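I wanted a quick look through this one before doing anything else with it. These are my notes, in the order I looked things up.

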Amino acid sequence: MSLISIFFTLFFYFSVLIFITGLSYKVVQYWNTPAPLKIPIAPAPLTKSGVFLRLAKEVFLFATLFKSSKWTWLFGWSFHLALVLLFFRHLVYFWPGEIPLILLKTEPLKYAAYPLIFGLIGLLGRRIFVDRVRYISAPSDYLMLLLIILIGASGMLMTFANNHPNMLLVKNFAEGLITFQWSELPKEAIFLAHIFPVFFLIAIFPISKLLHGPGIFFAPTLNQVDDARKKRHISNWAMQKEKNTKIDLDHNQDKGS
Amino acid sequence: MSINSIEKFPTYLAIPPLKKDSMAGNGPFKASIEIQKDLGFPGEKVDNWQQVAINKIAETKSKYRSVQVFLDSCMKCGVCTDKCHYYLGTADPKNMPVARQDLFRSVYRRHFTFAGKYFPKLVGAKDFDEDMLDDWYNYFHQCSQCRRCAVFCPIGIDTAEISMAAREIMNAIGVGQKYPNQILGKINKIGNNLGMPEPALRDTLADLEEEIEEETGASVKLPLDIKNSEVLMVTPSADFFAEPHIDGLIGYAKVFHQSGVSWTLSSYASEAANFGMFIGNYDVMRQGALRIRKAALDLNVKRVVVGECGHAWRVAYSFWNTLTGLGSGGSDEYSLKLQNQLDSNYPQPQHMIEFTYDLIQRDKLSFDKSKNDHRVVTFHDSCNVARGSNMGDIENGQFILPREVIKAACNNFSDMHKSTIKSATFCCGGGGGLLTDDLIDLRIKGAKPRMHALKRSEQDNGVNTLAAICAICKSQFSKVLPNYDFDPYMIVSVHQLVSDAIILTKDSET
């Protein structure tokens, strides 16, 4: 195998390793960190199914973003939706063995690249031209957008401008990564420019703001039921504190904390 | 200062272009050594403050999931940037919610994350140095923890959680704000924010009873420390002395009088406000709540009702059950004792608005609405009630119930623009521990979005009365209304409207 194929193969495994361990670490950390107080934000659901519906509306429709800023919603939602569609479009390359029929029918999903780029350009434009958003942007905020634009643009150039790399090589390389039967990748610069930022973003997912993905599910403001009067909600550390202070129940003498 | 000499502010509202450092400064007065020590904080800034602060950040984010998740999750989309009343009123970019959080987040990244440790410039990570601490002190005291930004954040980030944590960390290194910390000392020693002892309170209540009897001919009582009463009423101490608050207290008394439900105030727990929330300190907040629990047990009451106070109602509704077991559903010995005593037919605690609304629903109160005909009323949803609580256990009850109570007592009601009420309500500009004269410039500027909406209601619908159910809102509005060319007396308690229209039975034995 050529040096470049070895590099990208190792890069892939390195990225996936960081992704899995880092993300597991963060999810376990979020899970284990108590939310000691009830802080659901209005309009707060009074039932569990209400919370489920609320999170579903946020995750699938970006309902709050729609309420907050129509343009940002349009750019952000089309970009994320396109990302999901394009993910499914790419599964066919990685699928080991016989490919299910459904994956063979995903070709039209390639047009999702247009809303992807549209959304990204919009988000980048907002970051550059709205003074408030420019103020809060760090270099990494621009860099991430530019990387995803690079991924989208290189993909579009290959797909829509007849710059296809050898698809057999692509398939063998991608499937090889899953089945551990490594093979050469196509060495066209445009293909390398497509997969390098993908691997890079996978690697930085757990150590960057991309954590907003898992984060939304752990936001107590969104995932709590507004039922504080009906159910006693108390964290382990607070309960421990309560036990240690030995409140004299018979004489009603609170010792404070 | 006469009304005429007050600088008038324009009431139009646009998203202002950034004016960097327009609110730079030293922040509010700092707490003295004694004040800090009373609360168990270091008296002065500790020598190795940076290390102590970093350790405290580590502790706080391990105890509060909100802090840990919110510090990681922000994707800097910027939709919160134009949602804060302090940004809209001051144009200082550090008053944009995300920029305020970033004061904290940049330190978190620098000291706790891989990217911030090795590539600080790339991700905007910054050292926790003296300049940063100054910015923390200044700008975390320009946040009223109103949570309007959280309503608009697509991933639920609540700046109030970050601002409370930041104040908690500053207190841990001995840098505290005078106003809330001094008040917390008083409530711990005497039982209310004013430091008003039992005899003074008793006198005040007796005077009020006389006043009501003179005016109405009905012997409406304001009982204090009466054991075995049905209801323990816990209300902000401002209700005992401040205008317009006191007319609200008279309103509660009249409603209780008509309801025939026996009630009492407590001199031991003569304060519903709990500034422990503003400084993000669980233990201090719990101490305040425990006083109420103790009073409820000592007075052997069946119900606990909370008066018109915004953050107090959030603490009572959302936190009391957690802090003290005052609520239901607790199975530990600690909650059970209280729950066995309290009447489970009613939610515990209840808001006075819920109490009055319930009587109205059951036709137990009659009103002469024409008494309020000189008024065109609008309702200011107070942040903590609107965004951090509920009433009536129905969806959006906290918006519905107060309006229904007003409409029962008044013929003319008109809401302000819908982008400025209910869950999107604008803060009065004085909440979250900022209701102090050393922050008056901020308070006036922060009131601008609310004043703008009120001005439109005045012009379009002839609104001349602003009703609220929060002691801080009432004090703040009394002070800042003249700056926007309004009558400072247009702010009233909702229960003042009730008080003015309610028809009293002269025989006190109803």
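The entries below go from chain B as a whole to its sheet, then to single residues and one helix.

**Entry 1: overall build of chain B**

First a reminder to myself that this is a predicted model. I counted the secondary structure of chain B and got 23 helices and seven strands. Then I checked the radius of gyration: chain B has 23 Å, and since a compact globule of 510 residues would be near 24 Å, the two agree. The box around the C-alpha atoms of chain B, taken along the principal axes, is roughly 75 × 55 × 40 Å.

What share of the 510 residues in chain B is buried? I get 67%. For contacts in chain B with a separation of 6 or more, 80% are between residues 24 or more positions apart.

**Entry 2: surface and charge**

Chain B exposes about 17100 Å², and 48% of that comes from carbon and sulfur atoms. I also tallied the charged side chains of chain B, which come to 57 positive and 61 negative. The centres of these two sets lie 7 Å apart.

**Entry 3: the sheet**

I went for the strands next. Four strands of chain B make an open sheet with parallel pairing, in the order 2-1-3-4. Strand 2 (263-265) and strand 4 (350-351) of chain B are the edges, each pairing on one side only.

I traced the pairs that involve strand 3 of chain B. Strand 1 (residues 231-234) and strand 3 of chain B are parallel and share four bridges. Between strand 3 (residues 303-306) and strand 4 of chain B I find two bridges, again in the parallel sense.

Which residue in strand 3 of chain B is the bridge partner of Val234(B)? That is Val306(B). Val306(B) also has a bridge partner in strand 4 of chain B, namely His351(B). One residue back, Val305(B) stands opposite Gln350(B) of strand 4.

Then I looked at where the side chains go. In a regular strand they alternate between the two faces of the sheet. Strand 3 of chain B fits that: Arg303(B) and Val305(B) point one way, Val304(B) and Val306(B) the other. All four of these residues are buried, the arginine included.

**Entry 4: cis peptide bonds**

I looked up two cis peptide bonds, one in each of chains A and B. In chain A the bond runs from Ala42(A) to Pro43(A), with omega near -5°. Pro43(A) sits in the loop between helix 1 (3-32) and helix 2 (48-61) of chain A.

In chain B a cis bond joins Gln348(B) and Pro349(B), with omega about -10°. Pro349(B) belongs to the loop between helix 16 (333-341) and strand 4 of chain B, and strand 4 is an edge of the sheet from the previous entry.

**Entry 5: positive phi outside glycine**

I noted two non-glycine residues with positive phi. Ala91(B) has phi near 65°, and its place is the loop between helix 4 (85-90) and helix 5 (97-112) of chain B. Arg147(B) has phi near 70° and is found in the loop between helix 8 (130-139) and helix 9 (148-152) of chain B.

Are these loop residues buried or exposed? Ala91(B) is buried, at 5% relative accessible area. Arg147(B) is buried too, at 2%.

**Entry 6: Asn193(B)**

Another loop residue I checked was Asn193(B), located between helix 11 (178-189) and helix 12 (198-216) of chain B. Its relative accessible area is 11%, so Asn193(B) counts as buried, the cut-off being under 20%.

What does Asn193(B) touch, not counting residues up to four places away in sequence? The list is Ile183(B), Lys186(B), Ile187(B), Ser237(B), Glu271(B), Ala273(B) and Phe275(B).

**Entry 7: helix 23**

Last stop was helix 23 (residues 494-501) of chain B. Seven of its eight residues are buried, so this helix is largely enclosed by the rest of the structure. I wrote the buried ones down as Val494(B), His495(B), Gln496(B), Leu497(B), Val498(B), Ser499(B) and Ala501(B).

What covers them? The cover includes helix 13 (245-259), helix 17 (352-361) and helix 19 (397-409) of chain B. Strand 5 (377-379), strand 6 (465-468) and strand 7 (491-493) of chain B are also among the covering elements.

Notes
Residues are numbered from 1 along each chain as its sequence is written. Chains are lettered from A and ligands numbered from 1 in the order in which they are written. Side-chain values use heavy atoms; hydrogens and water are left out. The radius of gyration is taken over C-alpha atoms; the globule rule is 2.2 Å times the number of residues to the power 0.38. Buried means under 20% relative accessible area, exposed over 50%, partly exposed in between (1.4 Å probe, protein chains only). Contact means heavy atoms within 4.5 Å. Accessible areas come from the Shrake-Rupley method with a 1.4 Å probe; for residues, only the protein chains shown count as cover. Lys and Arg count as positive and Asp and Glu as negative; His and the chain ends are not counted. The place of a charge is taken as NZ of Lys, CZ of Arg, CG of Asp or CD of Glu. Two strands pair if DSSP finds at least two bridges between them.
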